[in-house]
Amino acid sequence: MTNHWADLDNASMFFVMGANPVENHPASMAHVNAARYGAKKARLVVVDPRKTRTAMQADLYVRIRPGTNIAFINGVLNYIFTEGYTNNPTFAANFDMWHNSAHANFYSNGRAFRDDAGSNAALVPATGTYATSGATGFGPIGAVASRGWPKYTDSRFKVAAGAAPVDYQRETFTVGTRVFSNFPVVADTIGDPDCVMAKLKKHVEWYTKEVTADICGCAPSDIAAVGEEFIANCRMTSSDFSAALSTPQAVDYKAATIMYAMGITQHTSGSQNIRDFAILQTMLGNMGRPGGGINALRGIHNVQGSTDMGVLFDLIPGYSGNPGTTATWNDYVNPLFGNRTHPDATGGAVFAYKPGVLGLQQRGFYNMVTSWFGPQWNGRPGVGHTVTDQAVTMSNTTAKQLRYGTVSAVDVWSGAGGTGTHFTATTDYTIDAAAGTITRVATGGITDGQVVYVTFTTTQWSAAEIDKLYALWPKGNGNDHITTFREMKLGNTKAAVVWGQNPAVTEPNQSVVRDGLEALDLLVVVDIFATETAMCKRQANGVTYLLPAAAHVEEAGSVTNSGRWIQWRQRARVPHGNSKADLELLLRFAKALDTAGAFSHITDQWATMGTASPGTSAYDVLYKDQYGYDGTGNFEAVTRASADGIKDAFGNVVIAAGGNVTGSEAVAENIFQQMGQPLASGGSLWLWTEAYNTATASARPASIEGAAVDWTTVNRAKSRDNVHKGEALNYPRWGYSWLVNRRVLYNNSEVPSDEADTFVAPDVVARLFTVHPASTLVNYAFTYRAYNTLKDVPTKGADATVAKTDATKPHKYAGRFPAHTEPIETPRRDLAHLYGRNTALGAALVKTDTNVALWSNDASEASYNDPLYTDTGTWNKDAASYPYVLTTIRCVEHFQGGPITRNNSWNVEAEPVPWIEINSVDARREGIKDGDWVNIITPRSNSTTLQEGRTNKTGWAKGFKARVGVGLQANQRVAPGVVAIPWHWGDQGLGTGSRANDLCIDSFDANTIIPEYKACLCRITTVLSDETL
Amino acid sequence: MANVMAIVQDADKCMRCNGCVISCKRTWKMKGIVPADNKPNQKVTSNQRVVIKPQRRVDTAPFIRYSCWHCPDPPCARRCPWKAIVKDAAGPVYIDPDLCDPAKIDPATGLTCGRVCQTDCGRGGYPKIGAGSSDPAYLAPKAWKCTMCYGRAGAVTPALTAKYGFALPSKEIIAGVPETEHQPACVYTCPAKAMGYDSQANIISMLNTGLGNGSIVSAVGDGGVFWFSRKYMLISPKADPFVEDHVSPMVSSLLSGPFAKAALVPTLVAGGLLALAARRARIQEEEIAAGGEA
């Protein structure tokens, strides 16, 4: 979420697409209701293939075909740019004024850039000057100033000419002796035919109301209606346009917020769907505003936390990618969000080893490497090591760097090993202890150019030591979750630890998953229940363990919610019976692995580091010394003093501040402290910097409170200060919101007292025109980060040079702007042939192994056109025999793969069995009555007979109970041609039933590897009528 | 004097998340009925005292909560020979499980109670006789129903408070209504904030003014439970929420026969006209009752 659940109160329009918050995020509806039924009378607009319970409450509902989200949004954009613009003069005038920066509020007045020599300058376009940090060298800055630097978006940036533009136009300008190269050329107005806005308009021109309605299966008037809703609820039509934000609670404060969930992401075009949201909201000025933004409704209380932790195969904590297999330290650190580390005036890559000047994400990685692969000395006073005989060439009276950090006990000799002349401080040389430098005194005994040998104590790693620790970092990516099960099936992966997950229900195309799990030599499942995964069919010699984990209420730690708030969850009690907290299990794992020699490569490397060697036991140095648990003993015996103590839900003190906490409360806080400390103090997770800060004086500003108010906790996840309810501030001192407690992301310092935002793309504006396929990182901004380009472009119809009138080339600038593509399996093959499917990877979007069969019914097309996809070979090749689009859904009573809720009698009573939602038209054609049990068949599997034998239970796979629509088509849950089934069920627990994921296709989004759960083809047969069961 | 308390449901906000149902079960230690036990039925039973039912078929809004109405003059309390059912001055009608005993024989008359509370309920039968909870003390059949969580507020039945724990604190304390310090579990839980707990007088005043701005179009209720909506509700909350469960199978079996098919259209036409006439008559009565022109 760019905003927060609590900020929903401030919206004047909710655009819910691909989400069903009424059932899947019920707590959010209190906020939605507050805005809808309050003075604001906010609107609720729902776009979804299914008339969900959310849609039943909506002011406007539009039904679309599964997988046509981009077409719909592009259609809305086109409507806004054309008819909407023409019909709403106020909106049009303000739209132009905002994008043209024609008002002082809409251009940037303090962006920092870096000149070619590496010096920083704060660019001040408003006055046509720049200032260095030293406040010298004022002067005109040339062309940029006259246009005003855009504050929000690149809509006025000019795009380089040519058939396939890869970048903006760039220019160089000179101010005095300072040269700034690679600046994007900014057009005077968005009327410029070369600018990004013009390109975007060109791109969406194709998506007229009629074209869009044909793709989406809605009415042309629906596009207009949604477009008008957006126009009526955006920055351009809000009472605070061109004024400083007053209060978002004002009745005529307008902001539309987008709420989305899996209905948007679980497509082969998932990432592009969200990019289209970003473009729409940025165009309308809804980003960075209270009540606006793009809000991903996370499915679990700590999904945001798990992604913060980088538990994906291609990420490390803090959303950094894995270092490449050959990446040097500097190669990896430079493009992280922070400061440019090369080229650099002080000599290139050396800069990357200076912790004091590394920026946020860079410094976090530095701290992570030093604390995860060695004790982190910097920032841990009292821990240091002695460096013997560092050779330094003294020249003139130039300061020479000993370490990029504090040095002490310096001893200088002319020869190694304390031989030759013993020089004297002050007389022969001077030491700057804090800066870690030594300087020759011209009048002393050291001659100019002499090599001296320096022995000193330091808390700071040298560049060579950093390189040795970095060498321990695993390089490259592992397997994604789709590939993993195929590797198991092929025998390349022989053991798996499944921790708090239930892939035997949740992964698509279960045929492969089950075969993969069965083939493993070793399967370890860590869970609170015997899940489908733990009880799956295994090969005769396979070994399976189920380790009893504690439930989440039995262990302490931080959780990060959808809105990025980090909050501390205390444990309600110690774990039941022999179950253990996840932290204890993990640390015991680590200890056992260390004992078995798995960490010998680490201790071997340390042995080469001489006096800097952290130790001889990897477990002791990396875990026990840092987190307090020895890996074998009584976990509950671990204690620490907790600065904030523990309070119960009603604020009563359970353990006083400063008192001892034990078990997971203690270990979790040890880890949290390491991650959340200020970066300068060694915090290892840049995203959470200052979430644990002993300096509690970071105050709520006097501008709000009348007097400054301090934090009341050191561990800010434990902060429970609930003032400023429902304002733009979003409870600024409740928990801690990354990044640096920012409550509304991208707010451009317009939200009073919320921190100013520079968390944007390399060009310090929202970058809509991404570059495909290569990322060109241009070295001109002071703070910048590499951004990742999306990997996918449509397989067909893309051509930026052909006019719209060429009916075979619908996509202009595809890959730069989102373009409609069809799902891999689609009933509209005519559209698939025109728009293509979404992949740069071709057929590889459906992973293959030796058993795979891909089939096309159109030999003239490439093999991945019109595929039906299967691993089993028992399928019908007639595409027409799979007439329905299968889309998966969730219900309020069950949770994810179901181990918790299907073992809870209350939930099982409410929804005992899985069902299928089907339109009355289709039901009549198939001869299905309400309550019948039906079998669903896809090319991959069926939902009854093929499932028996894959588990230790029988009789559970009865298919799905039909819920046939009643009444008018518009009031039915699904449209003709679409069937919806919930996917929470499996073969274990109190409530069992057929799995949707036996049927689903494992094609996926090329960027995120999220499977296309929301669209594949199927057919239906009746199994039994309800009465016979 | 104590306020008379009541629960009010905003039917426009209810989304049938079943949070109130599960909260009720959790509070009163009732287990769910799982397929292994018998066929689940989603009814008001001795171990399910509140249910949410859609007013239209196939699970679409508006959703109405059904539980004991806490009648102003409850027939169940009048007829119980053991005086186990009490209409409290503060509104709730509750059954004292220590006094209720369906098997008990009256020494004077030689009769049992005859389970009159179930059959005499004017609202469709909310007191249900059966096991009350997973608490061993209440496995023997007794009459159970919603108590508005009254025992848990600590004011009345100390026996219940001891068994079922203390009341949940309030999320919203209403000025002049000290009883709102403790909310019923269903109201406390409701994530959509679709339920309120207030004095009956305040609720009626709110309904009469239409939330203060006349936005309420339809409202209904009595005793301790009220409903309202900003839309015209096609079907007002039924006394028996399960009428369609009985009627629908009957209708479909009728429809499947040859005679029914022939008779369907005339029957529907006649029935529709009758329903229309009845509706007109009722609306007229209401207008008269409201002081309008007849």
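Student: Before we look at this predicted model, what does it take for two strands to pair?

Tutor: Happy to start there. The test rests on bridges found by DSSP. For two strands to pair, the number of bridges between them must be at least two.

Student: Which residue of β3(A) is the bridge partner of Val47(A)?

Tutor: Let's go by way of the strands. Strand β2 of chain A covers residues 43-48, and four bridges join β2(A) to strand β3, residues 60-63 of chain A. These two strands run parallel. In β3(A), the partner of Val47(A) is Val62(A).

Student: And on the β1 side, which residue stands opposite Val47(A)?

Tutor: Strand β1 of chain A spans residues 13-17, and five bridges join it to β2(A), again in a parallel run. Opposite Val47(A) stands Met17(A).

Student: How many of the six residues of β2(A) are buried?

Tutor: Buried means under 20% relative accessible area. Strand β2(A) is mostly covered, and the number of its residues that are buried is five.

Student: Which helix gives the most to the largest nonpolar core?

Tutor: That core has 67 residues, and those with the most contacts inside it are Phe15(A), Phe72(A) and Phe230(A). Eight residues of the core come from one helix of chain A, spanning residues 69-87. The biggest contributor is helix α4.

Student: Phe72(A) touches which residue of β3(A), the bridge partner of Val47(A)?

Tutor: The residues that Phe72(A) touches include Phe15(A), Met17(A), Val47(A) and Val62(A). Of these, the bridge partner of Val47(A) in β3(A) is Val62(A).

Student: How many residues are in the other core that lies apart from the largest one?

Tutor: Among the members of that other core are Trp329(A), Val667(A), Val714(A) and Leu739(A). In general, nonpolar side chains tend to be buried together in soluble globular proteins. The count for this separate core is 61 residues.

Student: Over in chain B, why does Val269(B) count as partly exposed?

Tutor: Val269(B) lies in helix α9, residues 258-289 of chain B. Partly exposed is the class between under 20% and over 50%. Val269(B) falls in that class because its relative accessibility is 47%.

Student: What accessible area does the nonpolar patch with Val269(B) have together?

Tutor: The patch is on the surface, and Leu264(B), Val265(B) and Leu268(B) are among the other residues that form it. For context, chain B exposes about 14300 Å², with 61% supplied by carbon and sulfur atoms. The patch together has about 540 Å².

Definitions and conventions
Residues numbered from 1 in each chain as written. Chains lettered and ligands numbered in written order. Predicted model: local features only at pLDDT ≥ 70, side-chain atom pairs only at ≥ 80, totals over all residues. Heavy atoms only, no water. Buried < 20%, exposed > 50% of the residue type's maximum accessible area, 1.4 Å probe, protein only. Patch = residues over 30% accessible without salt bridge, like charges linked within 9 Å, V, L, I, M, F, W, Y side chains within 5 Å. Areas by Shrake-Rupley, 256 points an atom, 1.4 Å probe, with all protein chains shown as cover. Salt bridge = Lys/Arg side-chain N within 4 Å of Asp/Glu carboxyl O. Core = buried A, V, L, I, M, F, W, Y, C linked by side-chain atoms within 4.5 Å. Contact = heavy atoms within 4.5 Å. Lists of a residue's contacts leave out its neighbours within four places in sequence.
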